[in-house]
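Visitor: I would like to learn how to read a structure such as this one, feature by feature. Could we begin with a backbone angle and work outward from there?

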Amino acid sequence: MEDIHRAEIGEKLQKISEGDVRTIARVLTELERQQAPWARELIKELYPKTGRALVIGVTGSPGSGKSTLVARMALAYREAGLRVGIIAVDPTSPFSGGAILGDRIRMQSLASDPDVFIRSMATRGQLGGLSAAVEDALTVLDAAGYRILLLETVGVGQDEIDIMNTAQVTILVLVPGMGDGVQAIKAGVMEIADLFVINKADHPETPRAERELRSFLRMVSRDDGWEPPLIKTVATTGQGVEELVNTVQRFYDFRKDRDDGRRRAVARQRLLRLVSQRLAARIQISVPEQELDQLAERLASREVDPDTALDELVRKVITDQLTH
Ligand SMILES: Nc1nc2c(ncn2[C@@H]2O[C@H](COP(=O)(O)OP(=O)(O)OP(=O)(O)O)[C@@H](O)[C@H]2O)c(=O)[nH]1
Ligand SMILES: [Mg+2]
């Protein structure tokens with residue numbers, strides 16, 4: 001039994017390293033469901049071999065043109081001969097790769113390009129949040145030799161901020177005419193952006209949006225000394241995309257030479273997040289629903305205090321392994 005298991009994993013590893021698209025797609029599905037133990041085993045084998053891909057996060061409000069921009073960037077990287085993986089994260093509405101490609105004919109070349117892998121992710125598995133599933137997917141694509149990984153998220157919620165933190169470069173897409181665009185985006189996302197894009201720069205309100213954003217950016221002061229640049233794009237025509245891609249590279253080069261502990265900090269966050277996600281999931285799996293309800297009832301009726309209730313729960317599961 002164990003041998004069959006090993007052989008299966010071995011075969012999948014081989015296929016992933018060959019970039020076999022069907023295997024990759026199946027593995028990602030399995031990782032999202034988080035049910036097959038071999039999927040976790042696979043990540044164990046793959047993880048040490050990864051870290052070569054450049055993960056570029058693209059975030060911004062709904063409809064700001066992220067998908068169009070991501071498709072344009074993918075085309076630019078393909079022209080440079082790089083294989084590209086695209087993950088669109090949408091916790092609110094599951095959809096297929098269609099949203100990335102849209103109905104735009106010119107993007108069809110991406111859909112039929114064997115060196116472009118497109119996937120959308122919406123579900124969170126049993127054992128962890130969406131960010132854990134996305135991180136696993138990035139590991140698989142990295143191992144499969146995709147050198148550029150584009151990660152699209154609507155910049156809302158802690159999940160998405162966690163996800164963006166896994167990117168080496170984060171791009172925030174804003175659009176003109178949103179009223180006070182800078183205000184609308186709010187804290188959290190503004191802080192993690194390395195590059196700012198005003199997309200839909202064909203809009204008449206663009207100069208105003210640019211003025212607003214520049215005055216905001218003047219107040220930004222980062223620990224690493226990077227001054228986040230502002231790039232104007234028209235994703236529908238591709239205008240500004242070359243400059244964007246060049247600026248991504250410039251930031252990457254700037255960052256590469258600095259050992260500022262960011263990688264470690266991100267890994268540490270990831271670890272702590274995993275602990276809390278797995279622990280919470282483990283409790284839900286191993287404590288019967290009824291017991292959980294009873295405890296909740298005792299808590300609600302002040303029969304027990306929150307810390308004592310927590311102790312009771314944790315004691316039940318702490319002896320179990322968290323990794324299974
Ligand atoms: N005029 C103009 N329209 C654009 C531009 N970029 C994107 N669009 C249009 O804006 C609409 C939304 O584009 P998407 O790329 O789907 O935007 P998105 O941010 O991915 O949207 P969600 O994933 O739904 O949040 C589409 O109709 C695009 O054709 C642009 O630069 N100028
Ligand atoms: Mg989109």
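Guide: Let us start with R302, which counts as exposed because its relative accessibility is 71%, over the 50% cut-off. Please keep in mind throughout that this is a predicted model.

Visitor: Where is R302 found, and what is its phi?

Guide: The general idea comes before the case. Most residues other than glycine have a negative phi. R302, although not a glycine, has a positive phi of about 65 degrees, and this residue is found in the loop between α14 (289-300) and α15 (306-317).

Visitor: K200 also has a positive phi; where is its place, and is K200 buried, partly exposed or exposed?

Guide: For K200, again a residue other than glycine, phi is near 60 degrees, and its place is in the loop between β6 and α11. The relative accessibility of K200 is 36%, so this residue counts as partly exposed.

Visitor: E205 has its place in the loop between β6 (195-198) and α11 (206-219); which residues does E205 touch, leaving out those up to four places away in sequence?

Guide: With those neighbours not counted, E205 touches P176 and G177. The C-alpha atoms of E205 and G177 are separated by 5.4 Å, although the two residues are 28 apart along the chain. E205 counts as partly exposed because its relative accessibility is 31%.

Visitor: If I step back to the whole chain, how many helices and strands are there, and what share of the residues counts as buried?

Guide: The secondary structure comes to 15 helices and seven strands, and 48% of the 324 residues count as buried. Contacts give another view of the chain: among those between residues at least 6 apart in sequence, 77% join residues at least 24 apart.

Visitor: How should I read a nonpolar core, and which residues of the largest one touch the most other members?

Guide: In soluble globular proteins, nonpolar side chains tend to be buried together. Here the largest nonpolar core has 36 residues, of which I16, I24, L42, I87, V134, V140 and L151 touch the most other members. Two or more residues are given to this core by each of α1 (2-17), α2 (21-33), α3, β2 (84-89), β3 (116-121), α7, β4 (148-154) and α8 (157-165), and the largest share, eight residues, comes from α7. A second core, separate from this one, has 29 residues, including V58, A71, Y77 and L195.

Visitor: What is I16 in contact with, if its neighbours within four places in sequence are left aside?

Guide: With those set aside, I16 is in contact with T23, I24, V27, L42, L46, V140, A143 and A144.

Visitor: How do I read the packing of two helices, and at what angle do α3 and α7 pack?

Guide: One reads the angle and the distance between the axes, then the handedness, and then the residues that make the contact. Helix α3 (residues 37-46) and helix α7 (residues 130-143) have axes 10 Å apart and pack at an angle of about 55 degrees, and they are therefore oblique to each other. Their crossing is left-handed. On the side of α3 the contact is made by R40, I43 and L46, and on the side of α7 by D136, T139, V140 and A143; these residues divide into four nonpolar, one polar and two charged.

Visitor: Which residues of α2 meet α7, and at roughly what angle do the axes of these two helices cross?

Guide: The axes of α2 and α7 cross at roughly 160 degrees and come within 10 Å, which means that α2 is roughly antiparallel to α7. The crossing is right-handed. From α2, I24, V27, L28 and L31 meet D136, A137, V140 and L141 of α7, and the residues of this contact divide into seven nonpolar, no polar and one charged.

Visitor: For a last case, how are α4 and α12 oriented?

Guide: Helix α4 (residues 66-79) and helix α12 (residues 241-256) have axes that come within 10 Å and cross at roughly 75 degrees, so α4 is roughly perpendicular to α12. In α4, the residues L69, R72, M73, A76 and Y77 meet V241, L244, V245 and V248 in α12, and the contact divides into eight nonpolar residues, no polar and one charged.

Key
Residues are numbered from 1 along each chain as its sequence is written. Chains are lettered from A and ligands numbered from 1 in the order in which they are written. This is a predicted model: local features need pLDDT of at least 70, side-chain atom pairs count only at pLDDT 80 or more; totals for chains, interfaces and linings use all residues. Side-chain values use heavy atoms; hydrogens and water are left out. Axes are lines fitted to C-alpha atoms, for helices over the stretch in contact, and angles run from 0 to 180 degrees between N-to-C directions. Helices (H or I, at least four residues) and strands (E, at least two) are DSSP runs, numbered from the N terminus. Angles under 35 degrees count as roughly parallel, over 145 as roughly antiparallel, 65 to 115 as roughly perpendicular and the rest as oblique. A crossing is left-handed if the near helix is turned anticlockwise from the far one by less than a right angle, and right-handed if clockwise. Contact means heavy atoms within 4.5 Å. Ala, Val, Leu, Ile, Met, Phe, Trp, Tyr, Cys and Pro count as nonpolar, Asp, Glu, Lys and Arg as charged, and the others, Gly among them, as polar. A nonpolar core is a set of buried Ala, Val, Leu, Ile, Met, Phe, Trp, Tyr and Cys residues joined through side-chain atoms within 4.5 Å. Buried means under 20% relative accessible area, exposed over 50%, partly exposed in between (1.4 Å probe, protein chains only).
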